[in-house]
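Hi,

Here is the structure I promised to pass on. Have a look at it first, and my notes follow underneath.

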Amino acid sequence: MKRRNFVAAGAYGLGAMALNPLLRMHGEGGGMWATTVFHPAAERMAWWREARFGLFLHWGLYSILAGEWMGRTDYAEWIRNNAHIPIDTYDRLVGRFNPVKFDADAWAGMAKGAGMKYVTLTTKHHDGFCLFDNPLTDFCVRSTPFRRDICTELNAATERAGLRQCWYHSVMDWHHFEYLPRRDWEAETRAVGGAHIANYLPYLHGSVRHLLTKYGDIGVMWFDGNWEGTWTHDMGMELYDVCRQAKPDVIVNNRTEGWSQSVATRHPGDFSTPEQTIPATGLPGVDWESCITMNHNWGYNAHDHDFKSVPELIGMLVDTASKGGNLLLNVGPMADGTFPAESVDRLAGMGKWMQVNGDAIHGTTASLFAKSPFRSTTKGNRINLFVTDWPADGALPLPGLRTRPRSVSLAAQPDRHPTLNTDATGAMGLTALGAAPDPVCSVIVLDFDRPPVVGA
Ligand code: FHN
(Lines give C-alpha, C1' and ligand atoms only; values in the text may rest on other atoms or scores of the structure.)
Protein backbone atom coordinates (compact mmCIF):
# COMPACT_ATOMS: atom_id res chain seq x y z
CA MET A 1 0.00 0.00 0.00
CA LYS A 2 1.35 3.40 -0.96
CA ARG A 3 2.34 5.20 2.17
CA ARG A 4 0.76 8.57 2.29
CA ASN A 5 2.68 11.73 2.60
CA PHE A 6 0.69 13.88 4.88
CA VAL A 7 -0.33 17.09 3.24
CA ALA A 8 1.98 19.89 4.23
CA ALA A 9 0.66 21.52 7.34
CA GLY A 10 -2.05 23.95 6.38
CA ALA A 11 -2.26 27.50 7.56
CA TYR A 12 -4.03 26.25 10.63
CA GLY A 13 -1.16 24.15 11.78
CA LEU A 14 1.77 26.46 11.43
CA GLY A 15 0.16 29.53 12.84
CA ALA A 16 2.20 30.79 15.73
CA MET A 17 -0.12 30.59 18.70
CA ALA A 18 0.65 31.83 22.12
CA LEU A 19 -0.88 30.41 25.25
CA ASN A 20 -0.04 33.37 27.39
CA PRO A 21 -1.59 36.63 26.09
CA LEU A 22 1.70 38.29 26.89
CA LEU A 23 3.50 35.91 24.60
CA ARG A 24 2.99 36.95 21.01
CA MET A 25 4.44 34.85 18.25
CA HIS A 26 4.65 36.37 14.80
CA GLY A 27 4.15 34.45 11.57
CA GLU A 28 5.83 35.29 8.29
CA GLY A 29 5.24 38.72 6.78
CA GLY A 30 2.25 39.70 8.83
CA GLY A 31 0.08 37.15 7.07
CA MET A 32 -3.14 35.59 8.15
CA TRP A 33 -1.65 34.41 11.40
CA ALA A 34 0.62 37.39 12.02
CA THR A 35 -0.26 37.47 15.67
CA THR A 36 -2.49 34.79 17.04
CA VAL A 37 -3.04 35.04 20.71
CA PHE A 38 -5.04 32.50 22.62
CA HIS A 39 -6.79 33.04 25.90
CA PRO A 40 -7.71 29.52 26.94
CA ALA A 41 -8.89 29.37 30.52
CA ALA A 42 -7.10 26.44 32.12
CA GLU A 43 -10.27 25.19 33.72
CA ARG A 44 -12.22 24.94 30.49
CA MET A 45 -9.35 23.24 28.66
CA ALA A 46 -8.68 20.68 31.43
CA TRP A 47 -10.99 17.91 30.14
CA TRP A 48 -9.82 18.47 26.56
CA ARG A 49 -6.13 18.24 27.51
CA GLU A 50 -6.87 15.07 29.45
CA ALA A 51 -8.81 13.54 26.56
CA ARG A 52 -6.06 13.53 23.89
CA PHE A 53 -8.24 11.46 21.49
CA GLY A 54 -11.58 12.18 19.80
CA LEU A 55 -13.82 11.06 16.95
CA PHE A 56 -14.58 13.38 14.03
CA LEU A 57 -17.80 12.62 12.10
CA HIS A 58 -18.52 14.02 8.64
CA TRP A 59 -22.11 13.15 7.80
CA GLY A 60 -24.78 14.84 5.70
CA LEU A 61 -26.67 14.85 2.40
CA TYR A 62 -23.37 14.27 0.55
CA SER A 63 -23.17 10.86 2.25
CA ILE A 64 -26.13 9.75 0.11
CA LEU A 65 -24.07 10.31 -3.07
CA ALA A 66 -21.16 8.35 -1.51
CA GLY A 67 -18.58 10.25 -3.53
CA GLU A 68 -20.04 9.55 -6.97
CA TRP A 69 -21.60 11.89 -9.52
CA MET A 70 -22.09 11.39 -13.27
CA GLY A 71 -19.65 8.50 -13.30
CA ARG A 72 -16.88 10.21 -11.37
CA THR A 73 -16.12 8.57 -8.05
CA ASP A 74 -13.55 10.78 -6.33
CA TYR A 75 -15.87 13.18 -4.52
CA ALA A 76 -16.97 13.39 -0.90
CA GLU A 77 -18.38 16.21 1.28
CA TRP A 78 -17.42 18.84 -1.35
CA ILE A 79 -19.41 17.08 -4.06
CA ARG A 80 -21.97 19.83 -4.68
CA ASN A 81 -19.19 22.30 -5.38
CA ASN A 82 -16.73 20.05 -7.13
CA ALA A 83 -19.30 18.32 -9.33
CA HIS A 84 -21.10 21.62 -10.02
CA ILE A 85 -24.42 20.23 -8.81
CA PRO A 86 -27.10 22.94 -9.12
CA ILE A 87 -28.66 23.86 -5.78
CA ASP A 88 -32.15 22.68 -6.76
CA THR A 89 -30.78 19.29 -7.79
CA TYR A 90 -28.77 18.95 -4.59
CA ASP A 91 -31.70 20.08 -2.40
CA ARG A 92 -33.71 17.11 -3.63
CA LEU A 93 -31.39 14.93 -1.54
CA VAL A 94 -33.36 16.16 1.48
CA GLY A 95 -36.15 13.80 0.41
CA ARG A 96 -33.69 10.90 0.34
CA PHE A 97 -32.06 11.40 3.76
CA ASN A 98 -33.40 8.53 5.81
CA PRO A 99 -30.63 6.80 7.84
CA VAL A 100 -32.87 4.05 9.15
CA LYS A 101 -29.93 2.20 10.72
CA PHE A 102 -28.69 5.24 12.67
CA ASP A 103 -28.00 4.14 16.24
CA ALA A 104 -26.40 6.90 18.30
CA ASP A 105 -25.51 4.49 21.10
CA ALA A 106 -23.68 2.27 18.63
CA TRP A 107 -21.67 5.28 17.38
CA ALA A 108 -20.87 6.41 20.93
CA GLY A 109 -20.00 2.85 21.90
CA MET A 110 -17.49 2.52 19.05
CA ALA A 111 -15.89 5.83 19.99
CA LYS A 112 -15.64 4.85 23.64
CA GLY A 113 -14.38 1.40 22.71
CA ALA A 114 -11.60 3.00 20.68
CA GLY A 115 -10.43 4.93 23.74
CA MET A 116 -11.85 8.22 22.49
CA LYS A 117 -13.14 10.79 24.96
CA TYR A 118 -15.13 13.16 22.73
CA VAL A 119 -17.15 13.17 19.51
CA THR A 120 -17.24 16.09 17.04
CA LEU A 121 -20.15 15.94 14.58
CA THR A 122 -20.72 18.12 11.51
CA THR A 123 -23.92 19.88 12.52
CA LYS A 124 -23.70 21.78 9.22
CA HIS A 125 -21.01 21.41 6.59
CA HIS A 126 -20.34 23.81 3.72
CA ASP A 127 -23.42 22.60 1.81
CA GLY A 128 -25.57 24.26 4.45
CA PHE A 129 -27.67 21.25 5.43
CA CYS A 130 -28.28 21.02 9.18
CA LEU A 131 -28.30 17.64 10.92
CA PHE A 132 -30.29 19.24 13.72
CA ASP A 133 -33.84 20.60 13.93
CA ASN A 134 -32.82 24.18 13.22
CA PRO A 135 -35.74 26.58 13.84
CA LEU A 136 -34.06 29.10 11.52
CA THR A 137 -34.18 27.03 8.35
CA ASP A 138 -36.13 24.25 6.65
CA PHE A 139 -32.89 23.00 5.09
CA CYS A 140 -32.44 20.65 8.00
CA VAL A 141 -33.19 17.16 9.23
CA ARG A 142 -36.76 18.18 10.15
CA SER A 143 -37.59 18.32 6.43
CA THR A 144 -36.34 14.79 5.69
CA PRO A 145 -38.20 11.47 5.84
CA PHE A 146 -36.05 10.74 8.90
CA ARG A 147 -37.20 13.86 10.75
CA ARG A 148 -35.43 12.94 14.02
CA ASP A 149 -32.88 15.38 15.44
CA ILE A 150 -29.49 13.67 15.00
CA CYS A 151 -27.79 16.07 17.41
CA THR A 152 -30.31 15.38 20.17
CA GLU A 153 -29.85 11.63 19.84
CA LEU A 154 -26.08 11.70 19.52
CA ASN A 155 -25.66 14.10 22.45
CA ALA A 156 -27.78 11.83 24.65
CA ALA A 157 -25.78 8.80 23.58
CA THR A 158 -22.37 10.39 24.13
CA GLU A 159 -23.54 11.54 27.55
CA ARG A 160 -24.61 7.95 28.40
CA ALA A 161 -21.19 6.76 27.25
CA GLY A 162 -19.38 9.35 29.36
CA LEU A 163 -18.00 11.19 26.32
CA ARG A 164 -18.08 14.95 25.58
CA GLN A 165 -20.24 16.04 22.68
CA CYS A 166 -18.71 18.64 20.36
CA TRP A 167 -20.12 20.40 17.32
CA TYR A 168 -18.47 21.18 13.99
CA HIS A 169 -20.20 24.10 12.24
CA SER A 170 -19.23 25.62 8.89
CA VAL A 171 -19.09 29.39 8.45
CA MET A 172 -19.13 28.91 4.70
CA ASP A 173 -22.66 28.09 3.48
CA TRP A 174 -23.40 27.19 -0.11
CA HIS A 175 -27.17 27.21 0.48
CA HIS A 176 -28.11 30.30 2.48
CA PHE A 177 -29.14 33.11 0.13
CA GLU A 178 -27.28 35.79 2.07
CA TYR A 179 -23.96 33.94 2.23
CA LEU A 180 -21.39 35.26 -0.21
CA PRO A 181 -19.48 34.60 -2.32
CA ARG A 182 -21.51 32.39 -4.58
CA ARG A 183 -19.71 29.39 -6.07
CA ASP A 184 -17.99 30.80 -9.15
CA TRP A 185 -19.48 28.12 -11.43
CA GLU A 186 -23.06 28.99 -10.39
CA ALA A 187 -22.91 32.78 -10.70
CA GLU A 188 -25.37 32.76 -13.62
CA THR A 189 -27.84 30.26 -12.16
CA ARG A 190 -27.67 31.73 -8.68
CA ALA A 191 -27.22 35.48 -8.91
CA VAL A 192 -26.14 37.52 -5.94
CA GLY A 193 -29.52 39.25 -6.08
CA GLY A 194 -28.98 41.76 -3.33
CA ALA A 195 -27.51 39.24 -0.89
CA HIS A 196 -25.07 40.56 1.71
CA ILE A 197 -23.08 38.45 4.13
CA ALA A 198 -23.97 40.85 6.96
CA ASN A 199 -27.52 39.51 6.59
CA TYR A 200 -26.19 35.97 6.99
CA LEU A 201 -24.68 36.64 10.40
CA PRO A 202 -27.95 36.60 12.39
CA TYR A 203 -28.67 33.15 10.94
CA LEU A 204 -25.17 31.90 11.72
CA HIS A 205 -25.19 33.32 15.24
CA GLY A 206 -28.73 32.09 15.91
CA SER A 207 -27.83 28.59 14.75
CA VAL A 208 -24.72 28.54 16.97
CA ARG A 209 -26.64 29.83 19.99
CA HIS A 210 -29.23 27.10 19.39
CA LEU A 211 -26.53 24.44 19.22
CA LEU A 212 -24.92 25.70 22.41
CA THR A 213 -28.06 26.11 24.49
CA LYS A 214 -30.49 23.41 23.41
CA TYR A 215 -28.32 20.30 23.43
CA GLY A 216 -26.83 19.89 26.87
CA ASP A 217 -23.22 20.30 27.89
CA ILE A 218 -21.39 20.88 24.62
CA GLY A 219 -17.61 20.74 24.93
CA VAL A 220 -16.27 22.32 21.72
CA MET A 221 -17.46 24.49 18.86
CA TRP A 222 -15.31 23.42 15.92
CA PHE A 223 -15.70 26.06 13.22
CA ASP A 224 -14.54 25.67 9.64
CA GLY A 225 -14.86 27.32 6.23
CA ASN A 226 -13.54 30.68 7.38
CA TRP A 227 -11.17 31.32 4.49
CA GLU A 228 -13.31 33.19 1.96
CA GLY A 229 -12.62 36.91 1.55
CA THR A 230 -16.07 37.94 2.74
CA TRP A 231 -15.37 36.55 6.21
CA THR A 232 -13.46 39.16 8.21
CA HIS A 233 -11.46 39.22 11.40
CA ASP A 234 -14.20 41.23 13.10
CA MET A 235 -16.83 38.68 12.09
CA GLY A 236 -14.58 36.01 13.60
CA MET A 237 -14.22 37.90 16.83
CA GLU A 238 -17.98 38.40 16.99
CA LEU A 239 -18.65 34.71 16.37
CA TYR A 240 -16.17 33.73 19.08
CA ASP A 241 -17.91 36.10 21.48
CA VAL A 242 -21.32 34.64 20.56
CA CYS A 243 -19.99 31.26 21.70
CA ARG A 244 -18.44 32.63 24.84
CA GLN A 245 -21.67 34.39 25.79
CA ALA A 246 -23.92 31.42 24.94
CA LYS A 247 -21.79 28.94 26.89
CA PRO A 248 -18.92 30.57 28.81
CA ASP A 249 -16.96 27.34 29.28
CA VAL A 250 -17.23 26.07 25.71
CA ILE A 251 -13.93 25.54 23.94
CA VAL A 252 -13.68 27.17 20.48
CA ASN A 253 -11.10 26.23 17.85
CA ASN A 254 -9.02 28.72 15.87
CA ARG A 255 -11.20 28.67 12.77
CA THR A 256 -13.53 31.56 13.56
CA GLU A 257 -10.58 33.71 12.54
CA GLY A 258 -11.03 35.77 9.41
CA TRP A 259 -8.07 35.48 7.09
CA SER A 260 -8.19 39.14 6.22
CA GLN A 261 -4.78 40.72 6.38
CA SER A 262 -5.67 42.00 9.74
CA VAL A 263 -3.32 43.89 11.99
CA ALA A 264 -5.53 43.09 14.93
CA THR A 265 -3.89 42.48 18.25
CA ARG A 266 -6.31 39.83 19.46
CA HIS A 267 -7.29 36.68 17.62
CA PRO A 268 -9.91 34.20 18.81
CA GLY A 269 -9.51 30.50 19.39
CA ASP A 270 -8.52 28.08 22.15
CA PHE A 271 -6.61 25.57 20.08
CA SER A 272 -4.85 25.24 16.74
CA THR A 273 -6.10 22.77 14.13
CA PRO A 274 -3.42 21.19 11.92
CA GLU A 275 -5.19 19.11 9.32
CA GLN A 276 -4.04 15.80 7.80
CA THR A 277 -0.69 16.32 9.48
CA ILE A 278 1.03 16.06 12.83
CA PRO A 279 3.40 19.02 13.24
CA ALA A 280 7.01 17.77 13.26
CA THR A 281 7.77 19.23 16.69
CA GLY A 282 4.19 19.74 17.82
CA LEU A 283 3.15 23.33 18.53
CA PRO A 284 4.99 24.10 21.76
CA GLY A 285 3.21 26.51 24.08
CA VAL A 286 -0.29 26.19 22.63
CA ASP A 287 -3.10 23.66 22.61
CA TRP A 288 -3.49 21.87 19.30
CA GLU A 289 -5.43 19.04 17.72
CA SER A 290 -4.55 17.25 14.49
CA CYS A 291 -7.63 16.19 12.53
CA ILE A 292 -6.95 13.27 10.18
CA THR A 293 -8.95 10.92 7.98
CA MET A 294 -8.67 7.13 8.10
CA ASN A 295 -8.70 6.97 4.28
CA HIS A 296 -8.48 9.97 1.94
CA ASN A 297 -11.91 11.48 2.50
CA TRP A 298 -13.79 13.22 5.30
CA GLY A 299 -17.27 12.43 3.97
CA TYR A 300 -18.19 8.90 2.94
CA ASN A 301 -16.79 7.73 -0.42
CA ALA A 302 -17.85 4.21 -1.37
CA HIS A 303 -14.82 3.83 -3.61
CA ASP A 304 -12.12 4.89 -1.17
CA HIS A 305 -10.91 1.71 0.51
CA ASP A 306 -7.40 2.98 1.11
CA PHE A 307 -7.61 3.05 4.90
CA LYS A 308 -4.63 3.52 7.17
CA SER A 309 -3.79 0.34 9.07
CA VAL A 310 -4.35 -0.05 12.81
CA PRO A 311 -0.58 0.14 13.46
CA GLU A 312 -0.40 3.36 11.42
CA LEU A 313 -3.31 4.86 13.34
CA ILE A 314 -1.84 3.85 16.69
CA GLY A 315 1.43 5.41 15.56
CA MET A 316 -0.39 8.66 14.76
CA LEU A 317 -2.05 8.70 18.17
CA VAL A 318 1.28 8.07 19.93
CA ASP A 319 3.03 10.67 17.78
CA THR A 320 0.37 13.28 18.55
CA ALA A 321 0.29 12.62 22.30
CA SER A 322 4.10 12.51 22.53
CA LYS A 323 4.12 16.07 21.15
CA GLY A 324 1.44 17.27 23.54
CA GLY A 325 -1.45 17.37 21.06
CA ASN A 326 -4.86 15.78 20.53
CA LEU A 327 -5.85 13.49 17.68
CA LEU A 328 -9.30 13.95 16.12
CA LEU A 329 -9.70 10.86 13.94
CA ASN A 330 -12.40 10.97 11.29
CA VAL A 331 -15.14 8.58 10.23
CA GLY A 332 -17.51 9.33 7.34
CA PRO A 333 -20.72 7.45 8.15
CA MET A 334 -22.79 6.00 5.31
CA ALA A 335 -26.24 7.23 4.28
CA ASP A 336 -27.96 4.41 6.17
CA GLY A 337 -26.45 5.59 9.47
CA THR A 338 -23.76 2.96 9.85
CA PHE A 339 -19.97 3.26 9.74
CA PRO A 340 -17.97 1.78 6.85
CA ALA A 341 -16.70 -1.69 7.75
CA GLU A 342 -13.07 -0.54 7.57
CA SER A 343 -13.77 2.26 10.05
CA VAL A 344 -15.42 -0.17 12.47
CA ASP A 345 -12.38 -2.45 12.16
CA ARG A 346 -9.86 0.37 12.74
CA LEU A 347 -11.73 1.72 15.78
CA ALA A 348 -11.89 -1.76 17.29
CA GLY A 349 -8.19 -2.37 16.63
CA MET A 350 -7.19 0.92 18.25
CA GLY A 351 -9.49 0.14 21.16
CA LYS A 352 -7.79 -3.20 21.78
CA TRP A 353 -4.44 -1.40 22.10
CA MET A 354 -5.91 1.45 24.15
CA GLN A 355 -7.46 -0.97 26.62
CA VAL A 356 -3.94 -1.96 27.66
CA ASN A 357 -2.04 1.27 26.97
CA GLY A 358 -4.60 4.07 27.18
CA ASP A 359 -3.16 5.39 30.44
CA ALA A 360 -0.01 6.33 28.51
CA ILE A 361 -2.13 8.57 26.24
CA HIS A 362 -4.93 10.08 28.33
CA GLY A 363 -3.95 12.88 30.72
CA THR A 364 -0.38 13.06 29.47
CA THR A 365 1.88 15.85 28.32
CA ALA A 366 4.65 15.90 25.74
CA SER A 367 7.85 13.90 25.83
CA LEU A 368 10.70 15.27 27.92
CA PHE A 369 13.31 13.77 25.59
CA ALA A 370 14.77 16.21 23.08
CA LYS A 371 15.73 13.30 20.86
CA SER A 372 15.20 9.63 21.47
CA PRO A 373 14.84 6.39 19.47
CA PHE A 374 11.26 6.15 20.68
CA ARG A 375 8.26 8.37 21.50
CA SER A 376 7.31 9.05 25.09
CA THR A 377 4.70 10.86 27.15
CA THR A 378 4.87 12.32 30.62
CA LYS A 379 2.31 12.02 33.41
CA GLY A 380 3.36 13.55 36.73
CA ASN A 381 6.04 11.28 38.23
CA ARG A 382 5.77 8.85 35.31
CA ILE A 383 7.33 8.57 31.84
CA ASN A 384 5.77 6.22 29.27
CA LEU A 385 8.08 4.94 26.55
CA PHE A 386 6.53 3.71 23.27
CA VAL A 387 8.72 1.06 21.66
CA THR A 388 7.72 -0.09 18.18
CA ASP A 389 11.02 -1.70 17.18
CA TRP A 390 11.71 -3.94 20.15
CA PRO A 391 15.52 -4.36 20.32
CA ALA A 392 16.76 -7.91 19.87
CA ASP A 393 19.37 -7.34 22.57
CA GLY A 394 16.87 -5.55 24.78
CA ALA A 395 19.05 -2.43 24.96
CA LEU A 396 17.09 0.81 25.25
CA PRO A 397 18.99 4.07 25.88
CA LEU A 398 17.42 6.81 28.02
CA PRO A 399 19.28 9.79 26.53
CA GLY A 400 19.50 12.70 28.95
CA LEU A 401 17.50 11.15 31.79
CA ARG A 402 18.80 12.72 34.99
CA THR A 403 16.39 11.24 37.55
CA ARG A 404 16.69 7.59 38.52
CA PRO A 405 13.36 5.78 38.22
CA ARG A 406 12.01 4.00 41.27
CA SER A 407 10.58 1.21 39.12
CA VAL A 408 10.39 0.06 35.51
CA SER A 409 7.58 -2.15 34.19
CA LEU A 410 5.66 -3.06 31.05
CA ALA A 411 2.12 -1.67 30.69
CA ALA A 412 0.96 -4.94 29.11
CA GLN A 413 2.83 -7.15 31.59
CA PRO A 414 3.23 -5.25 34.89
CA ASP A 415 5.19 -8.14 36.43
CA ARG A 416 7.93 -7.85 33.81
CA HIS A 417 10.63 -5.39 34.85
CA PRO A 418 13.29 -4.30 32.36
CA THR A 419 16.53 -3.71 34.24
CA LEU A 420 18.00 -0.25 34.63
CA ASN A 421 21.71 0.12 33.96
CA THR A 422 24.17 2.98 33.98
CA ASP A 423 27.21 3.17 31.76
CA ALA A 424 30.66 4.51 32.60
CA THR A 425 29.54 8.05 31.79
CA GLY A 426 26.61 7.74 34.16
CA ALA A 427 24.11 7.62 31.30
CA MET A 428 21.11 5.46 32.14
CA GLY A 429 19.52 2.83 29.91
CA LEU A 430 17.28 -0.21 30.06
CA THR A 431 17.73 -3.82 29.20
CA ALA A 432 14.38 -5.33 28.26
CA LEU A 433 14.94 -9.00 27.55
CA GLY A 434 12.31 -11.31 26.07
CA ALA A 435 9.65 -10.75 23.45
CA ALA A 436 7.87 -7.47 22.90
CA PRO A 437 4.60 -7.50 24.87
CA ASP A 438 2.73 -5.90 21.96
CA PRO A 439 3.20 -6.63 18.24
CA VAL A 440 2.53 -3.00 17.30
CA CYS A 441 3.77 -0.72 20.09
CA SER A 442 4.94 -1.74 23.57
CA VAL A 443 4.74 0.69 26.48
CA ILE A 444 7.46 0.74 29.13
CA VAL A 445 6.51 2.59 32.30
CA LEU A 446 9.12 4.46 34.32
CA ASP A 447 7.90 5.54 37.75
CA PHE A 448 9.80 8.14 39.81
CA ASP A 449 9.61 9.48 43.34
CA ARG A 450 9.40 13.00 41.94
CA PRO A 451 8.84 14.67 38.56
CA PRO A 452 11.62 13.33 36.34
CA VAL A 453 14.24 15.60 34.82
CA VAL A 454 15.63 14.99 31.34
CA GLY A 455 18.54 17.07 30.08
CA ALA A 456 19.64 17.81 26.53
O1 FHN B 1 -13.35 22.01 3.62
C2 FHN B 1 -13.29 21.31 4.86
C3 FHN B 1 -13.27 19.83 4.64
O4 FHN B 1 -14.41 19.42 3.93
C5 FHN B 1 -13.21 19.13 5.99
O6 FHN B 1 -14.38 19.45 6.76
C7 FHN B 1 -11.95 19.59 6.73
C8 FHN B 1 -11.89 18.94 8.11
O9 FHN B 1 -11.10 19.71 8.97
N10 FHN B 1 -11.95 21.04 6.89
C11 FHN B 1 -12.06 21.78 5.65
C12 FHN B 1 -10.79 21.71 4.85
O13 FHN B 1 -9.76 22.36 5.58
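**What I found**

Gly429 is buried, with a relative accessible area of 7%; buried here means under 20% relative accessible area, exposed means over 50%, and partly exposed is in between, with a 1.4 Å probe and protein chains only. Gly429 sits in strand β15 (residues 428-431), and its C-alpha is 7.2 Å from that of Ala395, although the two are 34 residues apart in sequence. Helices (H or I, at least four residues) and strands (E, at least two) are DSSP runs, numbered from the N terminus.

Before you read on: this is a predicted model, where local features need pLDDT of at least 70 and side-chain atom pairs count only at pLDDT 80 or more, while totals for chains, interfaces and linings use all residues. Residues are numbered from 1 along each chain as its sequence is written, and side-chain values use heavy atoms, with hydrogens and water left out.

**The ligand**

The ligand has 14 residues around it, and the closest are His58, Glu77, His126, Asp224 and Glu275. To count as near, a residue needs one of its heavy atoms within 4 Å of the molecule or strand in question. By class, the shell holds 7 nonpolar, 3 polar and 4 charged residues. The classes go like this: Ala, Val, Leu, Ile, Met, Phe, Trp, Tyr, Cys and Pro are nonpolar, Asp, Glu, Lys and Arg are charged, and the others, Gly among them, are polar.

Polar side-chain atoms approach ligand oxygen atoms from His58 at 2.7 Å, from Glu275 at 2.8 Å and from Tyr168 at 3.5 Å. On its own the ligand exposes 330 Å², and the protein buries 91% of that; these areas come from the Shrake-Rupley method with a 1.4 Å probe, and for residues only the protein chains shown count as cover.

**Cysteines**

A search of the whole structure turned up 0 disulfides, a disulfide being a pair of cysteine sulfur atoms within 2.5 Å. Cys130 is in none, and its nearest cysteine sulfur, that of Cys140, is 6.2 Å away. Why no bond for Cys140? Its sulfur is 6.2 Å from the closest cysteine sulfur, in Cys130, which is too far. Cys130 is buried at 0% relative accessible area, and Cys140 is also buried, at 0%.

**Helix α10**

Of the 13 residues in α10, 10 are buried, so the helix is largely enclosed by the rest of the structure. Among the buried ones are Val310, Leu313, Met316 and Asp319.

**Two loops**

The loop between α3 (62-65) and α4 (79-82) contains Glu68, which is partly exposed at 34% relative accessibility. Glu68 and His303 are 235 residues apart in sequence, yet 8.4 Å apart in space, C-alpha to C-alpha. Ala66 is in that loop between α3 and α4 too; its phi is near 55°, a positive value in a residue other than glycine, and Ala66 is buried at 13%. Met70, also between α3 and α4, has a positive phi near 50° but is exposed at 75%.

The loop between β5 (164-170) and α8 (201-213) holds Asp173, buried at 2%. The side chain of Asp173 reaches the backbone nitrogen of His176 at 2.7 Å. Pro181 is found between β5 and α8 as well, and a cis peptide bond with omega of about 10° joins Leu180 to Pro181.

Cheers

Methods
A polar contact is a pair of N or O atoms within 3.5 Å; within protein, one must be able to donate a hydrogen and the other to accept it, and residues adjacent in sequence count only if both atoms are side-chain atoms.
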